[in-house]
Amino acid sequence: MTQRMTAARPPGEPRRVAYLYLLPAFAVYAAFLLYPIGRAVQISLYDWDGLSLGRWVGLDNYAAIVADEGLRAAFGHALVLIVFFAVGPLVIGLGLAAILNHAKVRGLGFFRTVVFLPQVVAMVVVAVAWRRVYAPDGTLNTLLGALGLDSLTRGWLGDYTFALPAVGVVGTWFETGLVTVLLLAGMSRIPGELYEAARLDGAGAVREFFAVTLPSVRGEIAVALTLTVIAALRTFDLVYITTRGGPGDSTSVPSYEVYHRAFGLGQVGSAAAIGVTLTVVIFVISFGINRFADRRIA
Amino acid sequence: MISRGERVANYVILSVFAAFALFPIVTILSAALGPADSGGTAGLGNFAAAWEVGRFGTYLRTSLLVSAFVVVVSVLLSIMSGYAFGTMRFRGQSVLFYLFMLGIMMPSEAVAVPLYFDLRTLGLIDTFWSVALPQVALSVAFGTFWMRAYFRASNRAIVEAARIDGASTWRILWQVLVPPARPAVVTLTVLVFMWTWNEFLIPLIMVTSESLRTAPLGLAFFQGQYTSGFTLLAAGSVIVATPVVVFYLFLQRHFVRGLLQGAVRE
């Protein structure tokens, strides 16, 4: 196709008019993203309550992210959420996609529509729904009661031990469909001869999965991890609606701390430092994962 | 090749998972259609009640206005910038492009705080613009990336032919390149619509007056204030989620394609 031919050299002839076409998009982008992120870096170097004059503190706000126990906990919680948002969906998604790709199941289209549906529902609605599920008189406890497991029932989101995993499960629920559909698209592109060759070599279903399927979808796994890890790190709406970081600060996460410190505690400098750190972490992770995955994604 | 037992097991696994995916959605739908919080009649009347009591009519109107503005402006700007990046060569091209790429990954949490204080200084806080323009900026980063990829792959021979015929770059864009780009533009449109409609943090920070609350923000406030039951809250949730879900059911292909091809923004 023409795509191949043009991709090799930079497209088009030199044109000054290009700047005119870029200008409107760039102006909005620069004013509402680039400039604010620069300002965030600047603000992060001050101790500022948002009203009075700020006091220069250098890198103290960044040092606090390492030193302050509450902030360390927030980043730790984000790591736990990565397990629920990224690792869980990847494992489940690999299983589901392998089944869907292998067995010619009926109703594949319906299944895909259903598992992908969470992606398009507003996170606020998702959070309201799950609050209901987790409520002391909610659906989950009703279900447990019906199964005779009354001893397990509790107010899930008010429980110091279970609140964070409960929020995490919402992430697993939210991301698994995306990951499954993504992996399925990758698996359907694996040529059948590879499987035949593996079978001739006497590989069973499990070895076939690890020798043929898994290496072939490396690119898709990288994309899936990038999307889900970033989603985990950016969790805000969900925590804001379900727990507000509580009970105690057992579900506080960096994004929520940014909001809470800037608009609740009047620690704008600290909030900006957390935001900048989060941005850097997200950049590093996406570049890292994509380097690892080589060029197969494009 | 596949044994009967394996086939049954597969269907069981898939059914269990489909049930898990639908579980919260069914929870909220059944609550929305259940008995009213006051103990009155069940059913569709709950939606009318939520529309009135929860003021979801107003919130939906704001969401519609914000989404329409953000979609139209960011798609237009993205087509133009994607055209420049995809078909022209100019100084600083790659630097500028990487600058746009940063925006795809930039978390809105990091920029929302300084934006709030700067817009407050300018007296722009709690206006339509403070909600809409930051979202245009976020969408334009992805849109530029998306349209550039499309224009790079488009047929250059037709463009050359149009140029030899003396067509201006403006006419080439809108009369030669954009008409066949409709699928790419539709995908971009539905994604930006979904992001804008579902966005929570930016309206939460920028808006104080009730008339400017978007649908998700209105729902969050309603959830905090309304304590006499779950039915109206559930009905409100359904109202908030429905527009995007309906689009999804009709344009599923576009949603899936867009979200899978590296759309890092949420």
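These are my notebook entries on a predicted two-chain model, chains A and B.

**Ground rules.** I number residues from 1 along each chain as its sequence is written, and chains are lettered from A and ligands numbered from 1 in the order in which they are written. Because this is a predicted model, local features need pLDDT of at least 70 and side-chain atom pairs count only at pLDDT 80 or more, while totals for chains, interfaces and linings use all residues.

**Confidence.** I looked up the scores: ipTM is 0.91 and pTM is 0.91. Chain B averages a pLDDT (the predictor's confidence in each residue, from 0 to 100) of 89, and 96% of its residues score at least 70. Among the elements of chain B, helix α10 (201-206) has the highest mean, 96, and helix α13 (252-260) the lowest, 85.

**Overall build.** I counted helices and strands as DSSP runs (helices H or I, at least four residues; strands E, at least two; numbered from the N terminus). Chain A has 14 helices and two strands, whereas chain B has 13 helices and zero strands. The C-alpha trace of chain A spans about 75 × 75 × 30 Å along its principal axes; for chain B I noted about 75 × 70 × 30 Å.

For burial I used C-beta atoms placed from the backbone: buried means 20 or more others within 10 Å, exposed means 12 or fewer, and partly exposed is in between. By that count, 46% of the 298 residues of chain A are buried, and 48% of the 266 residues of chain B.

Contacts here are residue pairs whose C-beta atoms, placed from the backbone, lie within 7 Å. Of the contacts with a separation of 6 or more, residues 24 or more positions apart make up 72% in chain A and 80% in chain B.

**Helix α6(A) and the core.** I checked helix α6 (123-134) of chain A next. Its 12 residues reach 16 Å from first C-alpha to last, close to the 16 Å expected at 1.5 Å a residue (1.5 Å times one less than the number of residues). All are covered: 12 of its 12 residues are buried, including W130(A), R131(A) and R132(A).

The largest nonpolar core (buried Ala, Val, Leu, Ile, Met, Phe, Trp, Tyr and Cys joined through C-beta atoms within 7 Å) has 176 residues. Y29(A), V124(A) and V125(A) have the most contacts inside that core. Leaving out residues up to four places away in sequence, V124(A) touches D237(A) and I241(A), plus F200(B), P216(B), L219(B) and A220(B).

**I28(B).** I found I28(B) in helix α1 (4-32) of chain B. I28(B) is buried because 27 other C-beta atoms lie within 10 Å. Beyond neighbours within four places in sequence, I28(B) contacts A129(A) and R132(A), along with A234(B), S237(B) and V238(B).

**Helix α8(B).** In α8 (169-177) of chain B, I listed T169(B), I172(B), L173(B) and L177(B) as buried. They fall within an arc of 100° seen down the axis, so they line one face of the helix; the arc is taken from the directions from the helix axis to the C-beta atoms. The cover includes α2 (17-43) of chain A, together with α3 (56-87), α6 (128-153) and α7 (156-164) of chain B.

**Record check.** An unreviewed UniProt entry lists "transmembrane region" for several stretches of chain B, among them 12-33 and 172-197; such annotations may be inferred rather than shown by experiment. In the model, 12-33 of chain B is 95% helix and 0% strand, with end C-alpha atoms 29 Å apart. I get 85% helix, 0% strand and 32 Å for 172-197 of chain B.

Note on methods:
Contact = placed C-beta atoms within 7 Å.
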